[in-house]
Structure formats: structure tokens, C-alpha cells
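Student: Could you take me on a close look at one part of this model, the open sheet and what packs around it? I would like the pieces joined into one picture.

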Amino acid sequence: MDFSKHLLLLLCIVVSVLFDCTNGSSMLLERAKEPEFMDWMVGIRRRLHENPELGYEEFATSELIRKELDSMGIVYKHPYAVTGIVGFIGTGKPPFVGLRADMDALPIQEGVEWAHKSKVPGKMHACGHDSHVAMLLGAAKILQERSSELQGTVVLIFQPAEEGGGGAKRMIDEGVVQNIDAIFGFHITSEIPFGTVASRPGPIMAGSGFFEAVITGKGGHAAIPQHTIDPIIAASNVIVSLQHLISREADPLDSQVVTVAKFQGGSAYNVIPDSVTIGGTFRAFSKESFMQLTRRIEEVIVRQASVQRCNATVDFLTDKHLFFPPTINNPSLHAHFQKVASDIVGPANVRECQPVMGAEDFAFFSDAVPATYYYFVGMQDESKSLASVHNPFFTINEGALPNGAAIHASLALNYLSEFGNNFPNKGKVDDASHDEL
Ligand SMILES: [Zn+2]
Ligand SMILES: [Zn+2]
């Protein structure tokens, strides 16, 4: 009798341990879905949506975030990169794992009529960064409640100016990711159903650059072309030749893009202009392909223009638009993501996505942190089609906020307990502590 009682007790302990192990992550989702928690996240997202701020101008956004961190008792350092904030939860000691959200809005006039429409003319959170902030604060709340379980330190990174401003790069230059072993970023998307998440190992978003070229000839009467050097013809041939960089020089299995999106020249029907300006963008999924494109774009423009006796200058505009490297997901972190996300949303709702040609400044973390990982949180609404990002009619399915908060929190929590100091950068941080702590 006594023996069977002990056996029963042992069985109960084993079952409860197993239950805790397999359902610990789903408990984070349950917490984020609690009405009070959900209302709090939605409230943050709506307040930010009403007051969108462009890159490096996120002052009110930054203040709101800091007030929320204060109320949770989370220590932070600010400002980085003008408006950025870095918060810390856990032991204050290695290992350090980063969670990132971007904060900036876009120069778009909101077209959606609803109770929390943007109050700022010409500015809108049309890329969902308001929801990213709400989800990272949600993750912070979950992690702070479980701070005694953290076997290291979670670094919360709220960065400015993702939309072309290179906010991540500037945060890195100011030392934010020093000693961080791994960092996770996410983006809300209406491309996959609500309740699902998606990512892939390896390249997930392209490297991106811009170029502008001025092709100069000699203007004159359009009916007497022999007295001119026509830059319109030269620019036209340049554009056709640029397409051959993809169709004839690039590996067909290595996706790349060269697009000329700007062509400005001439203002009258009977005048050949002195010069033409063309410009565009190029994309690639490896640094090698990207640098090859950069070199060849300049060569093709200058040399093809010379065939038509024109001169050409090429500017890659890096003073205003940094080259964005490709976003590459660490394969080991992909396995980690699949496990964590499966526990939260179910294995059937964890999808593998194709790489996309869009660029993300999260990619800058790749050069500064040993392991980076980026994923998408689905919010596709079955009852209505949602406009895509960067559209005046873009909307968020706020029901997806708990998914992002719980997965972000669980990625960090489980990273610290599973990888600890053993991955991927053992040795480098053994004696390190974060400057701010
Ligand atoms: Zn965007
Ligand atoms: Zn975005």
C-alpha cells in the first residue's frame, strides 16, 4: 500500500514536470492573452498609432516606452541613437540575449477612418512598428514576471529609424550589442494567416542599395540630332544593359534584382536635353553578389554611356541611404525558433517562408552579433483582406499581439536556459558584463 502511494506520488511528479516542460511556453501565450494584459498591449499600440513619429524623431514614443519600463521596474539606458532605449531583465551577467523592436513611422497620410487614426497629418504607422513596440513591451512584462527563472540577461532593444535611416547601425556603433550572443527580431505581416508564424534558416531578406547616375551629352534641336550627343538614347541603352547583369551574369539560382525606377530627362517635345538622370535599387542575398552588382552597375553605366559618346557619373547615395546587408538567419537559432514557436502556436502553425527581396536594417546586427534571427508574425484576417505594409490603408489585426509577445519572450527565456554560455560564442563573454550594469 505504502509502495503504491509512493509510486503514485512519483508518477504525479513526473507528469507535472513533463507538463511544465512541454507547456511552459504555451503558458506565456495564455498570460499574454489575458484580457487585462491584452488591453494594455492594444492600448499602447493605439496610442503610438495616433502619434506616429518618423526616424530619429521618436521622442514621445521613447518617453511612452520608458514610462512603461519604469512601471514594470525594468532598468534601462537611454538615449542611444537619439531616441533608442536599451532595457535589461535578469541576472545582469552573461549570457546576454537581445530582443529588438523598431519604433518609427512613415511619411504617409493614413487613409483608414477609425477611432485611433493618426493625429499627425502626413505621418502614419504603416509598417506596424507601433505593434512591434507593444509586443516587445509585452515580452518584457512576461520576462520581468519570470525574471527569477532567467539564467542570464535579456537585453531589450528599442531602436529608431528602421525605415531607411539605419537606426540599427547607429545603435550598434554606440555599443548597444556589446557582448550579446544572439538577437531576435520580428515583423508583423498580412502575408500569412493569423495564428501562424514563419521564418527560414539562412538568407531571409535581401541586401539593398540605391544608385543614381547622371548621363551627360550635348543638347540641341530634336530634328537635327547629328548636331547633338543624345543622352536619352545613351540612358536607354544603359537601362537595357543593366538588365543583363541579372539575366546573363548572375547565377539563376542566386536571386538578384536591378531596377531602374527613375528616369528624368528633357522637358520639351523638340529639344534633346544635355543630360538625363536615372536611378534605382539593387538587391542580393549574399555580400559577394551584392558587391559584384555594385561594381558592375558602375562599370555598365559608365562604359555603355560612352558607346553613345556620353559621360556618366554614378552615385550610390550612401551618405543618405546606407547599403543594407542581407538578413541571414542562424541555422541553430532556426531550430530553436521552430521548437519555441511550435510550443506556443502549435507545430502546424509554424511555417517555412521563402526569402523576400525587401530589406531590413535588422541585418546590421549580423555583423555585430554572433547569431541573429528574424521571423514573421501572421495576422492575415479571413473576414477581410488587409492592405500590405507601406500602404495608406494598412491595418493591424491586434489579435496577433499576444503571439509576438509570447514568442519573443519564450525565445529569450529558453535561449538562456538551453544555450547558456555554450552557444554560439562561448569564451568571448565568460568574464564580460554589460557596461550599463
Ligand atoms: Zn517598412
Ligand atoms: Zn517595418
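Tutor: Gladly; here is the sheet, then its helices, then the annotated site.

Please keep in mind that this is a predicted model, where local features need pLDDT of at least 70, side-chain atom pairs count only at pLDDT 80 or more, and totals for chains, interfaces and linings use all residues. Residues are numbered from 1 along each chain as its sequence is written, while chains are lettered from A and ligands numbered from 1 in the order in which they are written.

The protein chain has 10 helices and 16 strands; these are DSSP runs numbered from the N terminus, with helices being H or I of at least four residues and strands E of at least two. Eight strands form our open sheet: with mixed pairing, the order is β1-β2-β4-β3-β5-β16-β6-β15. Two strands pair if DSSP finds at least two bridges between them. At the edges sit β1 (75-80) and β15 (350-352), each pairing on one side only. On average, neighbouring strands are turned by 25° against each other, direction ignored; the axes are lines fitted to C-alpha atoms, for helices over the stretch in contact, and angles run from 0 to 180 degrees between N-to-C directions. At the β1 edge, 4 bridges join β1 to β2 (residues 84-90), and the two run antiparallel. There, Val75 has Phe88 in β2 as its bridge partner.

Now for the helices. Helix α4 (residues 129-145) lies across β2, β3, β4 and β5, at about 150° to β3. Helix α10 (residues 401-418) lies across β3, β4, β5, β6 and β16, at about 155° to β5.

Both α4 and β5 lead us to the annotated site. The unreviewed UniProt entry places the feature "binding site" at Cys127, His129, Glu163, His187 and His390; such annotations may be inferred rather than shown by experiment, and the positions are given in the numbering used here, with feature names shortened. Although these residues spread over 264 residues of sequence, they cluster in space, with a largest C-alpha distance of 13.1 Å. His129 belongs to helix α4. His129 counts as buried because 29 other C-beta atoms lie within 10 Å (buried means 20 or more such atoms, exposed 12 or fewer, partly exposed in between, with C-beta atoms placed from the backbone). Leaving out residues up to four places away in sequence, His129 touches Asp102, Met103, Asp104, Ala105 and Glu162, a contact being C-beta atoms, placed from the backbone, within 7 Å. His187 lies in strand β5, and it is buried too, with 22 other C-beta atoms within 10 Å.

Definitions and conventions
Contact = placed C-beta atoms within 7 Å.
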